[in-house]
Amino acid sequence: MEINDHQNNDEGYYLKMVSGAFYIPRNRTLKPLGEDAHFICADRQTIGVADGVGGWAAYGIDAGKYARELMLNSAIAAARNSKGQADHDRGHDVDPKRVLREAFSRCAEVEGSSTACIVAHNDGALLAANVGDSGFMVFRDGKLLYKSPIQQHVDCVPCPPPYQLGNGVACDRPECASEMKVEVTAGDIVVLGSDGLLDNLLAPQIEKILETKRGRDGIQPEGLAKELADVAYSKSLDYGGKRDDITVVVGQIIYDKHKPLSALRRLLRLCCSFFFSS
């Protein structure tokens, strides 16, 4: 059924983001958890990905632990976080930068560092905060609509490192996160990923995969996330590819007639889903 914006407002329909994820660690045998982590907070329509900086391994530190703690605390913060009390009562408007700030503060004793990108949907608008070279893309009718910019310390040559959250003196803080807002509508696809995805699978290649879905039974977010991860993994093995952990979180914008949960019910249910690799 086609529903225009007028119907959306007057007949009780809401835009909603439903999400699924898939993760392929770089070395499934020796390091099955890898260094990526992600979360999906379904009730708050909020998703996130973090990529632990592998350079810490030279100092005997598993940066994946930092990424996992950051995402766990982000999921907890997203479950109860909003921009203001009025928005909180409506059950909308997670503030991704505030989520990052709270999660970061709870990782003060964890060694390592990580990039991070958090995306929240609020009835037709994506709000995002990004630190480093993870990021997200939005596709409409199978074509790229938006791609988030990456953050690098360009003054460091010849290989500018990405911005990264951590407790070391050279690490960055949540205040440096770039913030974005993207208007979306029903049918739009959000693809969030670590650089293992973004370095190996470009937007035109994702468009070709989305083209194969047109006219079928629709897109299943988890199935699409797996397909994108599998293709990125295959390309990472090719000449010129980048071997890395690959995390993909796919969000699909749909119409839903159910009203958003109240703040109290969300807190009572605490039904965030938090994903590590397995």
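## Surface and overall make-up

The chain exposes about 13,200 Å², and carbon and sulfur atoms supply 51% of that area. Keep in mind that this is a predicted model. Of its 278 residues, 51% count as buried.

As for secondary structure, you are looking at eight helices and 12 strands. Take the contacts in the chain between residues at least 6 apart in sequence: 73% of them join residues at least 24 apart.

## Two nonpolar cores

In soluble globular proteins, nonpolar side chains tend to be buried together. Here the largest nonpolar core holds 26 residues, and the members that touch the most other members are Phe 39, Tyr 66, Leu 70, Met 71, Leu 100 and Leu 165. Which elements give two or more residues to this core? They are strand 2 (36-41), helix 2 (63-80), helix 4 (96-105), strand 4 (113-121) and strand 5 (125-131). Helix 2 gives the most, with eight residues.

Another core lies apart from this one. It has 21 residues, among them Met 137, Ala 229, Ala 232 and Val 248.

## Helix 2 against helix 4

Two packed helices are described by the angle between their axes and the distance between the axes. For helix 2 and helix 4, the angle is about 130 degrees and the axes are 8 Å apart. An angle between 115 and 145 degrees counts as oblique, so helix 2 and helix 4 are oblique to each other. The crossing of the pair is right-handed.

On the helix 2 side, the residues that meet helix 4 are Tyr 66, Leu 70, Asn 73, Ser 74, Ala 77, Ala 78 and Arg 80. Helix 4 brings Val 99, Glu 102, Ala 103 and Phe 104 to the contact. Two names here should ring a bell: Tyr 66 and Leu 70 are also listed among the core members that touch the most others.

## Helix 6 against helix 7

Further along the chain, helix 6 (residues 203-211) packs on helix 7 (residues 221-236) at an angle of about 135 degrees, with axes 11 Å apart. Helix 6 and helix 7 are therefore oblique to each other, and their crossing is right-handed.

Helix 6 makes the contact with Gln 205, Ile 206, Ile 209 and Leu 210. From helix 7 come Leu 224, Glu 227, Leu 228, Val 231 and Lys 235.

## Two loop residues with positive phi

Most residues other than glycine have a negative phi. Gln 45 has a positive phi of about 50 degrees although it is not a glycine. You'll find Gln 45 in the loop between strand 2 and strand 3 (46-52). Is Gln 45 buried or exposed? The relative accessible area of Gln 45 is 11%, so this residue is buried.

Asp 123 also has a positive phi, near 40 degrees, and is a residue other than glycine. Asp 123 sits in the loop between strand 4 and strand 5. With a relative accessible area of 29%, Asp 123 is partly exposed. Asp 123 and Lys 16 are 107 residues apart in sequence, but their C-alpha atoms are 6.2 Å apart in space.

## Ala 186 and its contacts

Lys 16 turns up again with Ala 186: these two are 170 residues apart in sequence and 8.2 Å apart in space, C-alpha to C-alpha. Ala 186 belongs to the loop between strand 9 (178-183) and strand 10 (189-193). At 31% relative accessibility, Ala 186 counts as partly exposed.

What does Ala 186 touch, not counting residues up to four places away in sequence? The contacts are Leu 15, Ile 253 and Tyr 255.

## Asp 244, a buried loop residue

Asp 244 lies in the loop between helix 7 and strand 11 (246-256). Loop or not, Asp 244 counts as buried, because its relative accessibility is 14% and the cut-off for buried is under 20%.

Leaving out residues up to four places away in sequence, Asp 244 touches Ile 24, Arg 26, Asp 51, Asp 195 and Gly 196. Two of these contacts, Asp 51 and Asp 195, are themselves aspartates.

How values were computed
Residues are numbered from 1 along each chain as its sequence is written. This is a predicted model: local features need pLDDT of at least 70, side-chain atom pairs count only at pLDDT 80 or more; totals for chains, interfaces and linings use all residues. Side-chain values use heavy atoms; hydrogens and water are left out. Helices (H or I, at least four residues) and strands (E, at least two) are DSSP runs, numbered from the N terminus. Buried means under 20% relative accessible area, exposed over 50%, partly exposed in between (1.4 Å probe, protein chains only). Contact means heavy atoms within 4.5 Å. Accessible areas come from the Shrake-Rupley method with a 1.4 Å probe; for residues, only the protein chains shown count as cover. A nonpolar core is a set of buried Ala, Val, Leu, Ile, Met, Phe, Trp, Tyr and Cys residues joined through side-chain atoms within 4.5 Å. Axes are lines fitted to C-alpha atoms, for helices over the stretch in contact, and angles run from 0 to 180 degrees between N-to-C directions. Angles under 35 degrees count as roughly parallel, over 145 as roughly antiparallel, 65 to 115 as roughly perpendicular and the rest as oblique. A crossing is left-handed if the near helix is turned anticlockwise from the far one by less than a right angle, and right-handed if clockwise.
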